[in-house]
Amino acid sequence: MLNNQSILITGAASGIGSAAARLFAGYGAQVTLVDRSAGVLDVAQAVGGAGVIADVTDAAAMRDAVEAALARFGRLDGAFNNAGTEQAGAAMIAVGDYPLGDFDRVIAINLRGMLVSMQAELAVMVPAGRGAIVNTSSVMGWLASAGMAAYVASKHGAVGLTKAAALDYAARGIRVNAILPGAVRTPMLTERAFPANPGYEAVAGTMHPIGRLAEPHEIAEAAAWLLSDRASFVTGATLAVDGGFSAM
Ligand code: NAD
């Protein structure tokens with residue numbers, strides 16, 4: 001499905017991003033894997049891709065990451081802007097008390113980092129006159145959950161940013177879409193949210209009409225399709241991959 005497509009993936013050291021690296025490579029893509037964690041180099045080696053340690057909030061580092069894709073594979077056909085973070089600490093925090101510093105940090109990574117990533121990618125895609133971008137939002141990009149102001153705002157922002165970019169580049173051969181996962185079995189939940197919130201793991205699956213959590217590769221499948229030429233008339237779309245969560 002992605003044969004010989006050069007695709008950059010951010011947040012590729014873990015969870016959905018590392019599953020996407022394996023899946024896209026299995027579909028024939030040449031992957032450039034970006035993460036602030038050095039673990040991205042191991043994932044890159046495992047799938048035969050290029051690995052780049054970079055922070056999505058750093059514009060120069062993201063330009064270098066795109067350059068690494070060009071140096072290794074000669075072009076950039078697609079990008080999966082998937083790096084993201086959750087709020088610090090275990091407790092849910094109401095808006096009136098939400099720490100501004102943590103709000104800034106989450107927005108900087110989940111929203112501004114998406115813009116920074118797209119700017120680096122578009123600098124190559126616009127002259128080429130073609131490209132596909134998929135951004136990872138969340139069901140929290142359509143809905144809200146109490147105590148998660150920064151995350152909810154960042155993911156709503158990601159939906160708006162995706163639509164704006166889709167309109168800016170629709171006539172220039174570049175498609176931009178967002179995926180909205182429900183709860184996914186990744187370290188964001190299994191290593192952080194579940195241990196920090198007793199009882200959450202037991203109910204997380206049942207919140208989805210399908211009755212379970214998503215596995216990371218199920219989210220990556222949707223991104224693969226949106227990045228592929230099979231989605232050639234799809235742009236500005238927000239695709240829920242949430243087991244029916246947002247249909248309720
Ligand atoms: P994860 O924590 O397993 O992986 C996130 C990766 O992003 C990590 O490797 C981390 O190092 C990287 N990262 C974080 N900040 C970065 C930065 N500033 N620069 C570069 N890399 C950075 O989590 P995941 O569940 O795989 O999350 C991937 C995306 O999916 C995120 O955008 C997340 O918000 C979104 N999402 C996750 C869920 C879920 O339930 N797990 C649900 C909806 C959306």
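How many cavities of 30 Å³ or more does the structure hold? Just one, and keep in mind as you look around that this is a predicted model. Let's begin with that enclosed space and then move on to the pocket and the ligand.

The largest cavity holds about 40 Å³ of space. If you want to find it on screen, pick out the residues that line it: Thr10, Val56, the run of Asn81, Asn82 and Ala83, and then Ile109, Asn110, Gly113, Met114 and Ser117. Helix α4, which covers residues 100-128, supplies the largest share of this lining, with five residues. As for chemistry, the cavity lining has six polar residues and four nonpolar ones, with no charged residues.

Now for the open space. The largest pocket has a volume of about 1200 Å³. It is lined by 50 residues, and the ones closest to its centre are Thr85, Glu86, Tyr151, Met188 and Arg192. Four elements give two or more residues to the lining: α1, β2 (30-35), α5 and α6. Among these, α6 gives the most to the pocket lining, with six residues. Sorted by class, the pocket lining comes out at 25 nonpolar, 19 polar and six charged residues.

So what takes up the space of the largest pocket? That would be the ligand. The helices that give two or more residues to the shell around the ligand are α1 (15-26), α5 (149-169) and α6 (187-196). Here too α6 gives the most, this time with four residues. The shell has 28 residues, and Ser14, Asp35, Tyr151, Thr186 and Arg192 come nearest to the ligand. Tyr151 and Arg192 may ring a bell, as both are also among the residues closest to the centre of the pocket. By class, the shell splits into 13 nonpolar, ten polar and five charged residues.

Zoom in a little further and you can pick out some polar atom pairs. Which side chain has an N or O atom 2.6 Å from an oxygen atom of the ligand? The side chain of Tyr151 does. Another ligand oxygen pairing involves the backbone: an N or O atom of the Val184 backbone lies 2.8 Å from an oxygen atom of the ligand. Arg36 also takes part through its backbone, with a polar atom there 3.3 Å from a nitrogen atom of the ligand. And how much of the ligand does the protein cover? On its own the ligand has 830 Å² of accessible area, and the protein covers 95% of that.

Conventions: Residues are numbered from 1 along each chain as its sequence is written. This is a predicted model: local features need pLDDT of at least 70, side-chain atom pairs count only at pLDDT 80 or more; totals for chains, interfaces and linings use all residues. Side-chain values use heavy atoms; hydrogens and water are left out. On a 1 Å grid over the protein atoms alone, a cavity is a set of points where a 1.4 Å probe fits but cannot get out, and a pocket is an open set with protein on both sides within 12 Å along at least five of seven lines; lining residues have an atom within 4 Å of a point. Grid points are joined across faces, edges and corners, and a volume is the space filled by probe spheres set on the points. Ala, Val, Leu, Ile, Met, Phe, Trp, Tyr, Cys and Pro count as nonpolar, Asp, Glu, Lys and Arg as charged, and the others, Gly among them, as polar. A residue is near a molecule or strand if one of its heavy atoms lies within 4 Å of it. A polar contact is a pair of N or O atoms within 3.5 Å; within protein, one must be able to donate a hydrogen and the other to accept it, and residues adjacent in sequence count only if both atoms are side-chain atoms. Accessible areas come from the Shrake-Rupley method with a 1.4 Å probe; for residues, only the protein chains shown count as cover. A molecule sits in a cavity or pocket if more than half of its atoms lie within 2 Å of its grid points.
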